[in-house]
Amino acid sequence: MLLIGLTGSIGMGKSTTARLFAEEGAAVHDSDAAVHALYAGAAVPLIEAAFPGTTREGAVDRKELGTRVLGDAKALEKLENIVHPLVRAAERAFLDEARASGATIAVADIPLLFETGRAKDFDRVVVVSAGADEQRRRVMERPGMTEEIFARILERQLPDAEKRARAGVVIDTSRGVEDARAQVRAALKDFGAA
Ligand SMILES: CC(C)(COP(=O)(O)OP(=O)(O)OC[C@H]1O[C@@H](n2cnc3c(N)ncnc32)[C@H](O)[C@@H]1O)[C@@H](O)C(=O)NCCC(=O)NCCS
Ligand SMILES: Nc1ncnc2c1ncn2[C@@H]1O[C@H](COP(=O)(O)OP(=O)(O)OP(=O)(O)O)[C@@H](O)[C@H]1O
């Protein structure tokens, strides 16, 4: 099974590109989605214990939790120390199952792939990018997003230029979905997987 790590900074097009890989037949694991699932399940008691008042009705209130941690590096680190091992376990279980069911290509969408030293775990690393202006336009469109939150998230992420420099392949998502699909197909061909 060819193991592809997919990453990119906020708003660059990871989820969209992951979907394109899935449409080419890859088994895809999405870390952000895994976090969201954990926040309605296994992580809830741990988060409530560490950040009292950030859960309600058995689920994490992400807006409230975001307000607590996004401006506070220590708090974010504490949260990451709780969440990342759980996400990693979910990813491992997913990839084991994909392998057992005969998948030939698996993609793990990991926002902090380089930051958490995960590049070595993959046969290939794909970075999505769209340029800083397009990124800002996309991110600022999101409800509740502010310049301050955007800046704080960017601070926590390896700069786009460094990600691109460390990538096996870069997918440029600034020219539309069909253009990105062609790049995904070309990447799979280049990897000998299509
Ligand atoms: C801070 C939280 C509560 C905000 O939730 P919210 O629903 O508003 O945002 P969402 O999860 O969709 O993330 C928005 C963007 O920020 C990025 N991001 C999230 N956490 C981090 C982080 N710790 N460092 C850098 N970027 C991050 C995401 O990849 C995404 O691009 C949430 O992001 C969170 O719990 N983060 C900690 C877990 C984590 O590290 N996740 C990212 C990798 S698995
Ligand atoms: N190839 C593309 N062509 C046109 N629009 C795109 C493309 N890829 C992504 N987008 C748009 O950019 C926005 C962000 O995309 P997406 O959610 O895939 O990014 P992401 O990297 O997963 O984001 P985040 O890290 O913030 O969760 C979405 O509105 C999406 O529709």
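This section describes the predicted model of a protein chain with two ligands, from its overall fold to its cores, ligand shells and selected residues.

The confidence of the prediction is considered before the geometry. The mean pLDDT of the protein chain is 96, and 100% of its residues reach a value of 70 or more. For the complex as a whole, the predictor reports an ipTM of 0.89 together with a pTM of 0.94.

The protein chain is built from 9 helices and 7 strands. Its radius of gyration is 17 Å, close to the 16 Å given by the globule rule for 194 residues, so the chain is as compact as a globular protein of that length. Measured out along the principal axes would be one description of the same trace; in those terms, the C-alpha atoms span about 50 × 40 × 25 Å. Buried residues account for 30% of the 194 residues in the protein chain. Among contacts with a separation of 6 or more, 73% join residues that lie 24 or more positions apart.The interior was examined next. In soluble globular proteins, nonpolar side chains tend to be buried together. The largest nonpolar core of the model holds 28 residues, of which Ile-4, Phe-21, Ala-26, Ala-106, Val-107, Val-126 and Val-184 touch the most other members. Two or more residues of this core are given by each of the strands β1 (2-7), β2 (27-30), β5 (105-109) and β6 (124-129), and likewise by the helices α1 and α9. Another core, of 6 residues, lies apart from the largest one and includes Ala-34, Ile-47, Val-60 and Val-87. Within the largest core, the surroundings of Val-107 can be listed in detail: when residues up to four places away in sequence are left out, Val-107 touches Ile-4, Leu-6, Ala-18, Phe-21, Ala-26 and Val-28.

The two ligands were then treated in turn. Around ligand 1 there are 19 residues, and those that come nearest are Ile-10, Arg-62, Gly-66, Pro-111 and Arg-156. Helices α2 (31-38), α4 (62-69), α5 (73-100) and α7 (147-156) each supply at least two residues of this shell, and α5 gives the most, with 5 residues. By class, the shell around ligand 1 comprises 12 nonpolar, 3 polar and 4 charged residues.

Ligand 2 is surrounded by 15 residues, the closest being Gly-13, Lys-14, Ser-15, Thr-16 and Thr-173. The elements that give two or more residues to this shell are α1 (14-23) and α9 (177-190), with the largest share, 3 residues, coming from α1. The shell around ligand 2 divides into 5 nonpolar, 7 polar and 3 charged residues. Helices α1 and α9 thus appear in two descriptions, as contributors to the shell around ligand 2 and as contributors to the largest nonpolar core.

Several individual residues merit separate description. Most residues other than glycine have a negative phi. Glu-57, although not a glycine, has a positive phi of about 50 degrees. The position of Glu-57 is in the loop between β3 (55-56) and β4 (59-60), and Glu-57 counts as exposed because it has 7 C-beta neighbours inside 10 Å, where 12 or fewer is the criterion.

Glu-155 is found in helix α7, and it counts as exposed, with 9 C-beta neighbours inside 10 Å. Between Glu-155 and Asp-30, which are 125 residues apart in sequence, the C-alpha to C-alpha distance is 22 Å.

Thr-116 is placed in the loop between β5 and β6, where its 16 C-beta neighbours inside 10 Å make it count as partly exposed. The C-alpha atoms of Thr-116 and Gly-176 are separated by 29 Å, the two residues being 60 residues apart along the chain.

Arg-124 lies in strand β6 and is a charged residue that is nevertheless buried, with 20 other C-beta atoms within 10 Å. Leaving out residues up to four places away in sequence, Arg-124 touches Ile-4, Gly-168, Val-169 and Phe-191. Ile-4 is also listed among the contacts of Val-107. Arg-124 and Ala-33, which are 91 residues apart in sequence, lie 22 Å apart in space, C-alpha to C-alpha.

Note on methods
Residues numbered from 1 in each chain as written. Chains lettered and ligands numbered in written order. Predicted model: local features only at pLDDT ≥ 70, side-chain atom pairs only at ≥ 80, totals over all residues. Near = placed C-beta within 6 Å. Helix = DSSP H or I, 4+ residues; strand = E, 2+ residues; numbered from the N terminus. Rg over C-alpha atoms; globule rule 2.2 N^0.38 Å. Contact = placed C-beta atoms within 7 Å. pLDDT = per-residue confidence, 0-100. Core = buried A, V, L, I, M, F, W, Y, C linked by C-beta atoms within 7 Å.
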